[in-house]
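Got your viewer open? Load the model, pick a cartoon view, and keep the selection box handy.

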Amino acid sequence: MNAPISRRAWLQATGTLAGAAMLGRAGVAQESPNRFRLATFRADVTVPIGHPLMGGGVPPAAIVDDPLEVHGLVLGGVGEPIVVASVDWCEIRNDAYDAWRSALASAVDTHPGRVLVSSGHQHDAPVADLAAERILEQNQTVGRICHIDFHQETVARVAKVAGKAWQGARPVTHYGTGQARVEGVASNRRWRKPDGTLAFSRMSRTTDAEARAAEDGTIDPFLKTLSFWNGDEPLAALHAYAVHPMSRYGEGRVSADFIGLARRLRQADQKGTHQIYFSGCSGNVTAGKYNDGAPADRAILADRLNRAMAAAWEATSRRPLESLEFRSAPLRLEPRDTPGFTRDDLHARLKNHDRPFEQCLAALGLSWRERADAGYRLDVPAVDLGDAQLLLLPAESYVEYQLFAQQTRPDSFVFTAGYGECAPGYIPIEERWREKDTNLGDWCWVAEGAEPAMQAAIRQSLGVV
């Protein structure tokens, strides 16, 4: 096992030396399953009234329909502990993402690179990017992305909860895998019109009759459940499904939306097992075919997702937890530098645009460019249990990357979470650039050509040479 390095050294390494690769083979097979330990934790992360939502893209928080939460676990037994957490926030980016990983790592005495943080990506929830917010403050713009003090207090509080939970960790002897088809929830943004032309307009809320009548398109139809057990007692159930998690948004009503509601329904049905939900790779997958934004649709979508969770649980098979391996692959994504995305263009947009959200988009782009231009590499981590792997991919990766990960290890159960480090925005496959995917006009800060790098990182992280 590689010797631990400090947080400062790790951040420096990921900026210039692909430090994620230094963590590549930190786990080895271990002799006795009884040495494995697991703790779960949850905390409230609801924003205060007045806090920006979706990075300033929708009205700020005016009312809380239901709370935002973080749910996670700490797993140990080989090497330093591994933390996996899902946060009911829209995105966590750049230095804010570093802050989450470093604080959780410090709380359980592990390395930041062994902390996997995923955002649920609900839109009536915050985007956290501290550097981007400081850019806005320095330029005295109207647009605002997040409240830095709230972010720092929240991260510290969550880390304290995780650390306390880890002190009471319990033995974990088995893990389980199951999956079930989800009916009537996901559809690809891309659809074909009756005349054969392509459209990319199937959003989370879709009222166009032709768009709703079209085929689902490319999706992953299965919800996957990965569980951890102490003998016959289930301790935690992790669920992942690839769909944008919004039924409706943009009215200042803070909500974990239908995925949060589904998680709570499942928790009520199975009280003794901690339920954790991850949004899979769904940059190009929404509920639009099955959702027109009617208030009743939120509960309908939640019920369908909960039914799939229950079915995946019923289909679960268990096996002894006999090994635990952690791998992490470095990933270099080149920054987008086409017109509108150059440094000069972003600065001009920041200073000259009178729409607050345009100012926020410029600041988010500049925050990512600072790191990317300095040679920053993301890391793509995976927890390998033997016959199952938990893989975390960055940002709004398109669903094709999740399907590629499964094809890479067809002999195994690949559980994929999306929305890790969210700074790159949409990460499309190359074909979507050629087809002129209209969703890539904004919220995409990576250059064309990302697909080979993404695939190489996925293969390496999953242990495929």
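What follows is a walk through the fold, sheet by sheet, ending with the empty spaces inside.

**Stop 1: the whole chain**

One thing to keep in mind from the start: this is a predicted model. With everything shown as cartoon, you are looking at 12 helices and 24 strands. The radius of gyration is 21 Å, close to the 23 Å that the globule rule gives for 465 residues, so the chain is as compact as a globular protein of that length. If you want to set up your view along the principal axes, the C-alpha trace spans about 60 × 50 × 45 Å.

**Stop 2: the five-stranded sheet**

Select 174-181, which is β9, then add 222-230 for β13 and 233-241 for β14. Now put in 274-279 (β16) and 317-320 (β18). Together these 5 strands make an open sheet with mixed pairing, in the order β16-β14-β13-β9-β18. β16 and β18 are the edge strands, each pairing on one side only. On average, neighbouring strands in this sheet are turned by 20° against each other, direction ignored.

Time to zoom in on the pairs. How many bridges join β13 to β14? There are 7, and the two strands run antiparallel. For a landmark, pick K224 and look across to its bridge partner in β14, A240.

On the other side of the pairing list, β9 and β13 are antiparallel too, with 8 bridges. Click T177 and you should find L226 of β13 standing opposite. Then follow β9 to β18: these run antiparallel and are joined by 4 bridges. Here the residue to click is Y175, whose bridge partner in β18 is R319.

**Stop 3: helices on that sheet**

Keep the sheet on screen and add 257-269. This is helix α6, which packs on the sheet and touches β14 and β16. Its direction makes about 155° with that of β16.

Next, add 295-314 for helix α7. Which strands does α7 lie across? The answer is β9, β13, β14 and β16, with the helix running at about 50° to β13.

**Stop 4: the four-stranded sheet**

Hide all that and select 325-331 (β19) and 413-417 (β23). Add 378-384 for β20, and bring in β21 to complete the set. These 4 strands form another open sheet, ordered β19-β20-β21-β23, and again the pairing is mixed. The edges are β19 and β23, each with pairing on one side only. Neighbouring strands are turned by 20° against each other on average, direction ignored.

Between β19 and β20 you can trace 7 bridges, with the strands running antiparallel. A handy pair to label is A329 and its bridge partner in β20, V380. Remember V380, as it turns up again at the cavity stop.

**Stop 5: β1 and its partners**

Now jump to 37-44, strand β1, and show 69-76, strand β3, with it. They pair in the antiparallel sense over 8 bridges. D44 stands opposite E69 of β3.

β1 also pairs with β8, residues 170-171, in the antiparallel sense over 2 bridges. To see this, label R37 and its bridge partner in β8, P171.

**Stop 6: the largest pocket**

Switch on a surface. Select M54, H123, R189, Y249 and Y426: of the 16 residues that line the largest pocket, these lie nearest its centre. The space in this pocket comes to about 350 Å³. Colour the lining by class and you get 8 nonpolar, 5 polar and 3 charged residues.

**Stop 7: the cavities**

Rolling a probe the size of a water molecule over the atoms shows where empty space is left. How many cavities of 30 Å³ or more are there? The count is 5, and the largest has a volume of about 80 Å³.

To see what surrounds the largest cavity, select Y97, R101, Y376, L378, D379, V380, P381, L392, L393, P394, G420 and E421. By class, that lining has 8 nonpolar, 1 polar and 3 charged residues. Two elements, α2 (94-108) and β20, each supply at least two of the lining residues. Which element gives the most? It is β20, with 4 residues. So end the tour with β20 selected, the strand you met beside β19 in the four-stranded sheet.

Terms used:
Residues numbered from 1 in each chain as written. Predicted model: local features only at pLDDT ≥ 70, side-chain atom pairs only at ≥ 80, totals over all residues. Heavy atoms only, no water. 1 Å grid on protein atoms, 1.4 Å probe; cavity = no way out; pocket = protein on both sides within 12 Å on 5 of 7 lines; lining within 4 Å. Points joined across faces, edges and corners; volume = space filled by probe spheres on them. Nonpolar A, V, L, I, M, F, W, Y, C, P; charged D, E, K, R; others polar. Pairing = 2+ DSSP bridges. Axes fitted to C-alpha atoms, helices over the stretch in contact; angles between N-to-C directions. Contact = heavy atoms within 4.5 Å. Rg over C-alpha atoms; globule rule 2.2 N^0.38 Å.
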